[in-house]
Amino acid sequence: MKLKVGVGGATGYAGGELLRLLLSHPEVEIGALTAGSSAGTRLGEHQPHLLPLADRPIEPTTADAFAGHDAVFLALPHGTSAELANALPDDVRVLDCGADFRLTDADAWQRFYGTEHAGSWPYGLPEMPGARKLLAGARRIAVPGCNVTAVTLALLPAVVAGMIDGRDVVVTAAVGPSGAGKSAKPHLIGSELMGSATPYAVGGSHRHTPEMQQNLAALGAVDPTVSFTPVLVPMSRGILASCSAPLSGSVTAEQLQATYADAYADEPFVHLLPDGQWPQTQYVTGSNHCQVQVGIDRGTGRLVALAALDNLAKGTAGQAVQCLNIATGLPETTGLAGLGVAP
């Protein structure tokens, strides 16, 4: 019997990507589609590319809308998932694509989000050590932030192997505007965005920063620090994260490559590129893949690691579907594209 799956926030970018993937998922029946201000309209007015669902009505986002569902994806604004999630029965799997349940530190949540901490759920980054065991059978899952996924996958093997200690991590990430959601914002209109690269949330204020540090600590880093600068660039989808950190000791390029190759040898969605080839966002567009490459800056004694992924796929919706597969005992790759679309 197929899983009946609903999507809250179906008219947004993440919601649309979830539906695109779920339409190709052989073990899923798409149930309720909900949203806020667009309730009462048809999905086709907001997601015209999803032709099989174009005439489906958009319902208000309430617990009643998801009655009888096996799983619910919440692609809602930060701070709005917790109330709905708490109203859903315990036997419904809830996968929150927002930030409400990602952070374990209540003080960090309040500093960066300014509201009461709702708690934390099993963290949905399958590639982290031990994550799949925690996700298997889970009824509540917190899907990671898109930038966090890219940075964590770029640095994971080096942290676990002790090649870096997680201090003085510097990250610059080129990101597409779809990560900011579908709401109209002046800095996202075409005349402001095209032909320009624009930094934002400079000086450690981006809300993904504490989540990055949380992940590095979970990988074994002691008191990790991350200086994160995102840069908005004129591509609709994608993240290219450039990460650097001091090496902990004498490490050769060959040792570094071997460490990353071993760490990701069996991962279906993380690909270490051949030596000398660097990640590009265009080659992961539309896929659940993350490209990774690593090197050494001998002049400064720092590791340099880059990761590219599609912020709406492996960065959000694809990762959420990957977690649903693990939680329900399905093959992890079910319904997910491993190939990007290029050019």
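## Talking through a predicted fold

Student: Let's start with Ser 178: is this residue buried or exposed?
Tutor: Happy to, and keep in mind that we are looking at a predicted model. Buried is the word for anything under 20% relative accessible area. Ser 178 has a value of 9%, so this residue counts as buried.

Student: What does the side chain of Ser 178 reach at 2.6 Å?
Tutor: First place the residue: Ser 178 sits in the loop that runs from strand 7 (169-175) to helix 6 (190-193). Setting aside residues up to four places away in sequence, Ser 178 touches Tyr 13, Ser 236, Arg 237, Asn 311 and Leu 312. With one of these partners there is a polar contact as well: at 2.6 Å, the Ser 178 side chain reaches the backbone oxygen of Ser 236.

Student: Stepping back, how many helices and strands does the protein have?
Tutor: Good moment for the overview. Contacts between residues 24 or more positions apart make up 70% of those with a separation of 6 or more. The elements themselves number 9 helices and 13 strands.

Student: Which radius of gyration does the protein have, beside the value for a compact globule?
Tutor: The C-alpha trace spans about 60 × 45 × 40 Å along its principal axes. For 343 residues, a compact globule would come out near 20 Å, and the protein agrees with that because its own radius of gyration is 19 Å.

Student: What share of the residues is buried?
Tutor: Look at the surface before the inside: about 14,300 Å² is exposed, and carbon and sulfur atoms supply 54% of that area. Of the 343 residues in the protein, the buried share is 53%.

Student: How far apart do the centres of the positive and negative side chains lie?
Tutor: The protein carries 20 positive side chains and 30 negative ones. Taking the centre of each set, the separation is 3 Å.

Student: Which elements do the buried residues of helix 7 pack against?
Tutor: Helix 7 (209-218) is mostly covered, with 7 of its 10 residues buried. Those residues are Thr 209, Pro 210, Glu 211, Met 212, Gln 214, Asn 215 and Leu 216. They pack against helix 3 (106-113), helix 5 (146-160), strand 7 and strand 9.

Student: Staying with helix 5, which residue does the side chain of Asn 147 join in a polar contact?
Tutor: Asn 147 is found in helix 5 and is buried, at a relative accessible area of 4%. Beyond its sequence neighbours up to four places away, Asn 147 touches Ala 173, Val 175, His 206, His 208, Met 212, Phe 228 and Ile 239. The side-chain polar contact of 3.1 Å is with His 208.

Student: What is phi of Asp 223 near?
Tutor: Asp 223 lies in the loop between helix 7 and strand 9 (226-232), and its relative accessible area of 61% makes it exposed. Just after helix 7, Gly 220 has a positive phi of about 120°. Asp 223 has a positive phi too, though in a residue other than glycine, and the value is near 50°.

Student: How does Ala 201 count at 24% relative accessibility?
Tutor: Ala 201 is in the loop between strand 8 (198-199) and helix 7, and its phi is positive, about 50°, although it is not a glycine. The middle class runs between under 20% for buried and over 50% for exposed. At 24%, therefore, Ala 201 counts as partly exposed.

Student: Which residues is Leu 53 in contact with, neighbours within four places aside?
Tutor: Leu 53 occupies the loop between strand 2 (28-35) and strand 3 (59-60). This leucine is buried, with a relative accessible area of 5%. Its contacts are Leu 19, Leu 23, Ile 30 and Leu 43.

Student: Last one: which residue does a cis peptide bond join to Ala 342?
Tutor: Look in the segment after helix 9 (313-328). Omega there is about 0° at the bond joining Ala 342 to Pro 343.

Technical notes
Residues numbered from 1 in each chain as written. Predicted model: local features only at pLDDT ≥ 70, side-chain atom pairs only at ≥ 80, totals over all residues. Heavy atoms only, no water. Helix = DSSP H or I, 4+ residues; strand = E, 2+ residues; numbered from the N terminus. Rg over C-alpha atoms; globule rule 2.2 N^0.38 Å. Buried < 20%, exposed > 50% of the residue type's maximum accessible area, 1.4 Å probe, protein only. Contact = heavy atoms within 4.5 Å. Areas by Shrake-Rupley, 256 points an atom, 1.4 Å probe, with all protein chains shown as cover. Lys, Arg positive; Asp, Glu negative; His and termini not counted. Charge placed at Lys NZ, Arg CZ, Asp CG, Glu CD. Polar contact = N/O pair within 3.5 Å; in protein donor to acceptor, adjacent residues only side chain to side chain.
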